[in-house]
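Ready for a few worked exercises? Load the structure in your viewer, try each task yourself, and then compare your reasoning with the solution.

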Amino acid sequence: MVEEESVRVVHCGGSALNFRRAVFSADSKYIFCVSGDFVKVYSTATEECVRILQGHRNLVTGIQLNPSNHLQLYSCSFDGTIKLWDYLDGILIKTFNIGHKLHALFILGRSEDSVFVIINSEKPDVFQLVSVKLPKSTSQEVEAGERSLVLDYINQSPKCIAFGNEGEYVAAVRDFYLSVYFFKKKTTSRFTLSSSRNKKHAKNNFTCVACHPKEDCIASGHMDGKIRLWRNFDDDKKYTYTCLHWHHDMVMDVAFSVTGNSLLSGGLECVLVEWRDASEKSKEFLPRLGAAVEHISVSPAGDLFCTSHCDNKIIIIHRNLDASAVIQGLVKDRNVLTGLMIDPRTKALVLNGKPGHLQFYSLQSDKQLYNLDIVQQEYISDSHLIQVELTKAAFGCYGNWLATVEQRQENETELELQMKLWAYSKKTQGFVLNTKINMPHDDHITALCFCNAEKSESPTLVTASKDGRFKVWILTDDSDIYKKAVGWTCDFVGSYHKYQATNCCFSEDGSLLAVSFEEIITVWDSETWELRCTFCQRAGKIRHLCFGRMMCSKYLLGTTENGLLCCWNLLTCALEWSAKLNVSVMEADPNSENIAAVSRSSAGSDLFVFKPSEPRPLYIQKNISREEVQWGVFVPRDVPEAFSSGSHRWLNRSQFYFLTKSQSLLTFSTKSPEEKLTPTSKQLLAEDSLPTTPFYFILGKHRQQQDEKLNETLEHELIQLPVTETIPAINELLHTPAHVLPSASFLCSLFVNSLLLSKETKSAEEVPDDVDMEEEKESDDSDGENVSTEEVQVTDNTDIGEDIMHQLSKAEEKELRKFRKVDYSWITAL
């Protein structure tokens, strides 16, 4: 049984990777990015997450390399602490308590004992740049309360702060102001651009700033798409600036190269622009990056760039503007209209991705698997343009079919509606468009569902619409003289008193279809499409519909907008029970009888897990989230858990995930976030306490498998393989440095001999007495060498074939005894 622990809500990934600028390691092998409460370390070559630094109790807001040790990393958070990490081993070295909410972190190479952070002042919308001295101490937690003000009334974004010319000055921008503070003079210069109030249609707002690494030059980005290069800013009257203009909209970030010979910029055009020698005539482009560029970072070695994008993506780019790697997180769309779904084939989470796409997201590896382009149109970034939206999606027939609905509406009378059905192709290992249906309904489609019964003869899809109808679509033969093909066609159209159809769902065996028409629920026979019965409570429009499963398949559940949860018995056609509950999410577990309902309250959202046959909940957890929960889904486990208590048993077969209004993906688990997000290799180290060599991972697993087999077999065994950890030769071979070992050809024969079987294969009862006496005599006449022998054990091992259970000759036995006497003590002297 699993040890019972409290069920807690944990962040299961999907955090924003583009919240702050990414940071490269000194050798450009790794890239660091903030991800919620954690710092993730990715390999720039393989795109894999190799380490997760966890220890902050709130959102991480800044990361910087330690200038005095390139193998260490600083991070700051809203929890008011600065932490120092050894990022290769994932070890937290020290924590500095600042006592303020930290919004950004900056570190200069010349200031060893101090860092710069952005904190709140007494007013909520006023931020300050302060210098914090980090005291030297041997303790792991240190109070760092000594700080001094550098700049006041600045922007909280770290893109609006930049240090220039090896830390001689710092530039800060906000609104229409550029402030430059000189550390040696301890003076501040402020420059102002004309605002939109004084000049018609002017968009001179500062959006970002960067400083030249070696010269007195400041680059600033603006709302109008211009980049201004400021010089001679040490004099308030003699300052000058020149303009670079290519972007048609706001410049979202700028960054100088390591040498300062080129300037990088990005914005809403999804293009990275490189301005060489600060000239408009000499510029290069990297287009079609897929989403707006929010951040630009440059590696300390200067060989790599990276761009962070609004679709939660990081692209690693070579110096020649060639994209080499993409790190894709969970795409946060403006509205998740499709809800949360699980792909039956890949067990991936499926939901809205970038506009017009479905994203397939792996919950195990916390990375996006791929995007499926549904709309198949070029996306144009324009806030005034009405885009085609992907509104509905559903999987059917165990992942063989996918139905999607897309719509575009400029006004109330003009509605463009299209339904597409996609077939899974084993050849391409993806979905291929099979049928496209224009205007399947006269109004918005409110719901669609497949009949996923095992005994279903042909795939069936049902759509419900505000036009007062629900339609049944079936798969038919669409072959012609040229090729064999199948397609979808409408088989039945149903309605109920011209009410709007709002929800639909099939029973587990597919024999019944439930369709809600505003306040009324109708139940239809799926074979004849005859109306069987209706249910109505007059408690508002039906919000959710759900059939019970397994032993509770005779129940039908529904929730209303007026805050009522009802359960009807389909055998008696009567209300079984009802509860006053304002349910926002209701999902059925496909592997059990459990139903999860999330209700809204003034304090937040609450979870109730129950069976339809019992009105009393199996599990209740209050305040799972302070904000509204919009979607939820049960994900079947690959390996079931073994919780015994009733409050934990609902987690045995499936795990419940839910998405909040701010698009945070959360789940319920008995593991802490640290245990849940620890890499597999780190868990192996914690469990086995083995060195991190590949040989020891293999031998450690081999040892565990041997222990399990030994526990399952009988007490006596005919042939036993040698345990690797008891052989001195193997231990010395693995622990000795390679450069002091003899050649591999010399060690090969000795190593193979040490792996030979060390026991006789004959039963002790079958060995004649004279043979025993002869063996004892030879052992007494030996040279005194210590030869470790093991007891002969006898058993009937059914796993070993009879072909190896032969009788050894005396010559073979003598040869085996010689191999046992080989001296390996020379290895210990190396």
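The exercises below concern a predicted model, and each one pairs a task with a stepwise solution.

**Exercise 1. Locate Thr61, decide whether it is buried or exposed, and list what it touches.**

Solution.
- Start with the secondary structure: Thr61 belongs to strand β6, residues 60-66.
- Next, take the accessibility. Buried means under 20% relative accessible area, and Thr61 has 0%, so it counts as buried.
- Finally, collect the contacts, leaving out residues up to four places away in sequence: Phe19, Arg20, Cys76, Ser77, Phe78, Leu102, His103 and Ala104.
- Two of these contacts, Phe19 and Arg20, also interact through charge and ring: the charged end of Arg20 sits over the ring of Phe19, 4.2 Å from its centre.
- Phe78, another contact of Thr61, has Lys101 over its face, at 4.5 Å from the ring centre.

**Exercise 2. What is the sign of phi at Ser28 and at Cys397, and where do these residues lie?**

Solution.
- Recall the background: most residues other than glycine have a negative phi.
- Ser28 is not a glycine, yet its phi is positive, about 65°.
- Cys397 also has a positive phi, near 55°.
- Now place them. Ser28 is in the loop between β2 (23-24) and β3 (30-35), while Cys397 is in the loop between β35 (389-396) and β36 (401-409).
- Last, check accessibility: Ser28 is buried at 4%, and Cys397 counts as buried at 15%.

**Exercise 3. Find the salt bridges of Arg21 and Lys40, and work out which parts of the chain they link.**

Solution.
- The whole structure holds 17 salt bridges.
- Arg21 pairs with Asp253, with the closest N and O atoms 2.7 Å apart. Arg21 lies in the loop between β1 (8-11) and β2, and Asp253 in strand β23 (residues 251-256), so this bridge ties together parts 232 residues apart in sequence.
- The two partners can be told apart by accessibility: Arg21 is partly exposed at 26%, whereas Asp253 is buried at 0%.
- Lys40 meets Asp366 at 2.2 Å, N to O. Lys40 is in strand β4 (residues 38-43) and Asp366 in the loop between β33 (357-362) and β34 (367-373), so far along the chain that 326 residues separate them.
- Both Lys40 and Asp366 are buried. 

**Exercise 4. Describe the surroundings of strand β11 and its pairing with β10 and β12.**

Solution.
- Begin with burial: six of the seven residues of β11 (residues 114-120) are buried, so the strand is largely enclosed by the rest of the structure.
- On the β10 side (residues 102-106), the pairing with β11 is antiparallel over four bridges. Here Leu105 stands opposite Val117 in β11.
- With β12 (residues 127-133), β11 is joined by seven bridges, again antiparallel. Ser114 faces Lys133 of β12 across this pairing.
- To close, look at the connection: β11 and β12 make a hairpin with six residues between them.

**Exercise 5. Classify the aromatic pairs Tyr181 with Phe183 and Phe360 with Phe431.**

Solution.
- Two descriptors are needed for a pair of aromatic rings: the distance of the centres and the angle of the planes.
- A search of the whole structure gives 38 aromatic pairs. Tyr181 and Phe183 have centres 5.3 Å apart and 90° between the planes, an edge-to-face pair.
- Tyr181 is buried at 13%, and Phe183 is buried at 18%.
- Phe360 and Phe431 lie 6.4 Å centre to centre with 25° between the planes, and this pair is stacked. Because Phe360 is in strand β33 and Phe431 in strand β38 (residues 430-438), the pair ties together parts 71 residues apart in sequence.
- Phe360 and Phe431 are both buried.

**Exercise 6. Which residues touch the most other members of the largest nonpolar core, and which strands supply at least two residues each?**

Solution.
- The core has 19 residues, and those touching the most other members are Val462, Phe470, Cys504, Phe506, Leu513 and Val515.
- The strands that each supply at least two residues are β39 (445-450), β40 (460-465), β41 (469-477), β43 (501-506), β44 (512-517) and β45 (520-525).
- Zoom in on Val462: beyond its neighbours within four places in sequence, its contacts include Phe470, Cys504, Phe506 and Leu513.
- Phe470 also belongs to an aromatic cluster with Phe492, Tyr496, Tyr499, Phe517, Trp524 and Trp529.

Notes:
Residues are numbered from 1 along each chain as its sequence is written. This is a predicted model: local features need pLDDT of at least 70, side-chain atom pairs count only at pLDDT 80 or more; totals for chains, interfaces and linings use all residues. Side-chain values use heavy atoms; hydrogens and water are left out. Buried means under 20% relative accessible area, exposed over 50%, partly exposed in between (1.4 Å probe, protein chains only). Contact means heavy atoms within 4.5 Å. A salt bridge is a side-chain nitrogen of Lys or Arg within 4 Å of a carboxyl oxygen of Asp or Glu. A nonpolar core is a set of buried Ala, Val, Leu, Ile, Met, Phe, Trp, Tyr and Cys residues joined through side-chain atoms within 4.5 Å. Two strands pair if DSSP finds at least two bridges between them. Rings of Phe, Tyr and Trp (its six-membered ring) pair if their centres lie within 6.5 Å; planes under 30 degrees apart count as stacked, over 60 as edge-to-face and the rest as tilted. A charge sits over a ring if NZ of Lys or CZ of Arg is within 6 Å of the ring centre and within 35 degrees of the ring normal.
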